[in-house]
Amino acid sequence: TTVSMIKRHRVVLMEAIGFLALALLLTFPMVLKPSEAALGSLHADGMKHLWTLWWMRASLWEYGDFPYQTDLVNFPIGMDLYPIEPLNGAVAFLLPWANILLLSNILVIINMTLTGIAGAWFGRVLSGSRLGGIVSGVLLEGSAVMAFFVHVGVGELHHLWWLPLGLGALVNARRSMQWRWFFAVSFCLVGAMLSCFYLGFFLAMATALWALATLWAGRETPKLFLRYAVAA
């Protein structure tokens, strides 16, 4: 059993390294000069993304306050400000020494890699095949949707991995009827919504449609309905 677990962990690690390599390949030649330019279009929301990373970090390290208000606009009264990409901002806070351009590129690579890993897991959940999972992860990480999210520079959209993660948990919840998977669905719904409203909305809509389509379970239907309700 221990040997099989070691082998399984080794395979998972190799997959993660593969998806990291794919992210670096898809964004090449950024890896050669990661601090000189940020991935994304000059004509999209990249500057807003970079400013948000700076503000999430500077508000705590330089101004000593949480980033929910700023005096940089409408001075001296200031205005309320919601940090629109809190996950990326949290990473920025933990890396106060990092160049903002470098930090932005690192976050892109991390999110692309996580998207591949989550996509591969979802593919395995659906197909029961490791090869099917790898193909799914590669297709999702290298998809036009992922490329567009990077191109448009909307940092919160980079968390595409919430969708395969939540949907995989949803499929496992329906198959197993185990409470832990329904709680996992709930965690993904909350996490996705707080991280990015768009992704949270997409996952919530998909979850609702799947729940309605799979609600009938014979005599188990009342139990299934209760679990879906708690997750919601």
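## A surface patch, aromatic pairs and a salt-bridge network

Met 193, Phe 197, Tyr 198, Phe 201, Phe 202, Met 205 and Leu 209 come together as a nonpolar patch on the surface, and their accessible area adds up to about 730 Å². Please keep in mind that this is a predicted model. Besides the patch, there are 14 aromatic pairs to explore across the whole structure, along with three salt bridges. Two of the helices, α4 and α1, are joined through Arg 124 and Glu 15.

**The nonpolar patch**

- Helix α9, which covers residues 197-213, is the main contributor to the nonpolar patch, supplying six residues.
- An α-helix has 3.6 residues a turn, so residues three or four places apart point the same way.
- Phe 197 is one of the patch residues, and its place is in helix α9.
- With a relative accessible area of 53%, Phe 197 is exposed, because the cut-off for that class is over 50%.

**Aromatic pairs**

- A search of the whole structure turns up 14 aromatic pairs.
- Among them are Trp 61 and Phe 93, whose ring centres are 5.3 Å apart; their planes meet at 25°, so this pair is stacked.
- This pair links distant parts of the chain, with Trp 61 in helix α2 (residues 46-61) and Phe 93 in helix α3 (residues 86-94), 32 residues apart.
- Phe 93 has a relative accessibility of 29% and counts as partly exposed.
- Elsewhere, Trp 179, Phe 182, Phe 183 and Tyr 228 make up one aromatic cluster.

**Helix α4 and its ends**

- Helix α4 runs over residues 100-127, which gives it 28 residues.
- From its first C-alpha to its last, α4 reaches 40 Å, close to the 40 Å expected at 1.5 Å a residue.
- At the start of α4, Asn 99 places a side-chain oxygen within 2.7 Å of the backbone nitrogen of Leu 101.
- After α4 comes Gly 128, which has a positive phi, near 70°.

**Salt bridges around Glu 15**

- Glu 15, Arg 124 and Arg 130 belong to a network of salt bridges.
- Arg 124 and Glu 15 meet through their side chains in a salt bridge, at 3.0 Å from N to O.
- Arg 124 sits in helix α4 and Glu 15 in helix α1 (residues 2-26), so this pair ties together parts that are 109 residues apart in sequence.
- The side chains of Arg 130 and Glu 15 also form a salt bridge, here at 2.8 Å from N to O.
- Because Arg 130 lies in helix α5 (residues 130-141) and Glu 15 in helix α1, this second pair ties together parts 115 residues apart in sequence.
- Is Glu 15 buried or exposed? Its relative accessibility is 12%, so Glu 15 counts as buried, the cut-off being under 20%.
- Arg 130, at 35% relative accessibility, counts as partly exposed.

**The Lys 48 and Asp 45 salt bridge**

- Lys 48 and Asp 45 meet through their side chains in a salt bridge, at 3.9 Å from N to O; the cut-off for a salt bridge is within 4 Å.
- Lys 48 is partly exposed, with a relative accessible area of 35%.
- Asp 45 is partly exposed as well, and its relative accessible area is 34%.

Definitions and conventions:
Residues are numbered from 1 along each chain as its sequence is written. This is a predicted model: local features need pLDDT of at least 70, side-chain atom pairs count only at pLDDT 80 or more; totals for chains, interfaces and linings use all residues. Side-chain values use heavy atoms; hydrogens and water are left out. Patches are made of residues with over 30% relative accessible area and no salt bridge: like charges are joined within 9 Å, nonpolar side chains (Val, Leu, Ile, Met, Phe, Trp, Tyr) within 5 Å. Accessible areas come from the Shrake-Rupley method with a 1.4 Å probe; for residues, only the protein chains shown count as cover. Helices (H or I, at least four residues) and strands (E, at least two) are DSSP runs, numbered from the N terminus. Buried means under 20% relative accessible area, exposed over 50%, partly exposed in between (1.4 Å probe, protein chains only). Rings of Phe, Tyr and Trp (its six-membered ring) pair if their centres lie within 6.5 Å; planes under 30 degrees apart count as stacked, over 60 as edge-to-face and the rest as tilted. The expected span of a helix is 1.5 Å times one less than its number of residues. A polar contact is a pair of N or O atoms within 3.5 Å; within protein, one must be able to donate a hydrogen and the other to accept it, and residues adjacent in sequence count only if both atoms are side-chain atoms.
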